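User: Please take a close look at a single part of this model, and set out in one connected account how that part is placed relative to what surrounds it. I would like the reasoning spelled out wherever a class is assigned to a residue or to a pair of elements.

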Amino acid sequence: MIKYFPHKITDVKNEIERYICMPGQALSYYIGKLHIIKLRDDYLNNGGNIKEFHYKLLKNGLVSFTTINTEFNK
């Protein structure tokens, strides 16, 4: 990480410790990413546009998958 990221050594150590102590956190971010990509692809394939997609995704702020799914399945 030190070679590729312009962070202080203490920041790099903190990131490594976070991944060691909470390995599920990175996985949960990735699962969320995959879910949003699927929603986006489905939305665009059904005639929506990217601006509308982003509005629908972000208008409620931080919400659960259930709430996001409800928004896209109206």
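Analyst: A residue counts as buried when its relative accessible area is under 20%, as exposed when the value is over 50%, and as partly exposed in between. Ile 16, which lies in helix α1 (residues 9–21), has a relative accessible area of 41% and is therefore partly exposed. This is a predicted model, and the part examined here is helix α2, which covers residues 23–45.

The dimensions of the helix come first. α2 has 23 residues and spans 34 Å between its first and last C-alpha atoms, close to the 33 Å expected at 1.5 Å a residue. Its buried residues are Gly 32, Leu 39 and Tyr 43, and these pack against α3 (50–58) and α4. In an α-helix there are 3.6 residues a turn, so residues three or four places apart point the same way.

Two helix pairs involving α2 can be set side by side, since two packed helices are described by the angle between their axes and the distance between those axes. With α1, the axis of α2 crosses at roughly 90°, and the two axes come within 4 Å. Angles of 65 to 115 degrees count as roughly perpendicular, and α1 and α2 are therefore roughly perpendicular to each other. On the α1 side the contact is made by Arg 18, Tyr 19, Ile 20 and Cys 21, and on the α2 side by Pro 23, Gln 25, Ala 26 and Tyr 29. By class, the residues of this contact divide into six nonpolar, one polar and one charged.

The arrangement with α4 (residues 65–72) is described by an angle of about 5°, with the axes of α2 and α4 12 Å apart. Because angles under 35 degrees count as roughly parallel, α2 is roughly parallel to α4. Here α2 contributes Ile 31, Gly 32, His 35, Leu 39 and Tyr 43, which meet Phe 65, Ile 68, Asn 69 and Phe 72 of α4. Six nonpolar and three polar residues make up the contact of α2 with α4, and no charged residue takes part in it.

Within that contact, Leu 39 of α2 repays a closer look. Leu 39 has a relative accessibility of 13% and so counts as buried. Leaving aside residues up to four places away in sequence, Leu 39 touches Phe 53, Ile 68, Asn 69 and Phe 72. Of these partners, Ile 68 is 29 residues away from Leu 39 along the chain, yet their C-alpha atoms are separated by 9.2 Å. Seen from the other side, and with the neighbours up to four places away again left out, Ile 68 touches Leu 39, Leu 57 and Val 63.

In soluble globular proteins, nonpolar side chains tend to be buried together. In this model the largest nonpolar core has six residues, namely Leu 39, Tyr 43, Phe 53, Leu 57, Ile 68 and Phe 72, and at least two of the core residues are supplied by each of α2, α3 and α4. Burial in α4 also includes a charged residue, Glu 71, whose relative accessible area of 8% is why it is classed as buried. Beyond four places in sequence, Glu 71 touches Lys 56, Lys 59 and Asn 60.

Just after α2, Gly 47 takes a positive phi of about 95°. Gly 47 is found in the loop between α2 and α3, and because its relative accessibility is 68%, Gly 47 counts as exposed. Its C-alpha atom is separated by 43 Å from that of Val 12, with their positions 35 residues apart along the chain.

Beyond the far end of α1, Pro 6 has its place in the segment before that helix, and a relative accessibility of 79% is why Pro 6 counts as exposed. Between Pro 6 and Leu 57, a member of the core described above, the C-alpha separation is 31 Å, for 51 residues of sequence.

Conventions
Residues numbered from 1 in each chain as written. Predicted model: local features only at pLDDT ≥ 70, side-chain atom pairs only at ≥ 80, totals over all residues. Heavy atoms only, no water. Axes fitted to C-alpha atoms, helices over the stretch in contact; angles between N-to-C directions. Parallel < 35°, antiparallel > 145°, perpendicular 65-115°, else oblique. Contact = heavy atoms within 4.5 Å. Buried < 20%, exposed > 50% of the residue type's maximum accessible area, 1.4 Å probe, protein only. Expected span 1.5 Å × (residues − 1). Core = buried A, V, L, I, M, F, W, Y, C linked by side-chain atoms within 4.5 Å.
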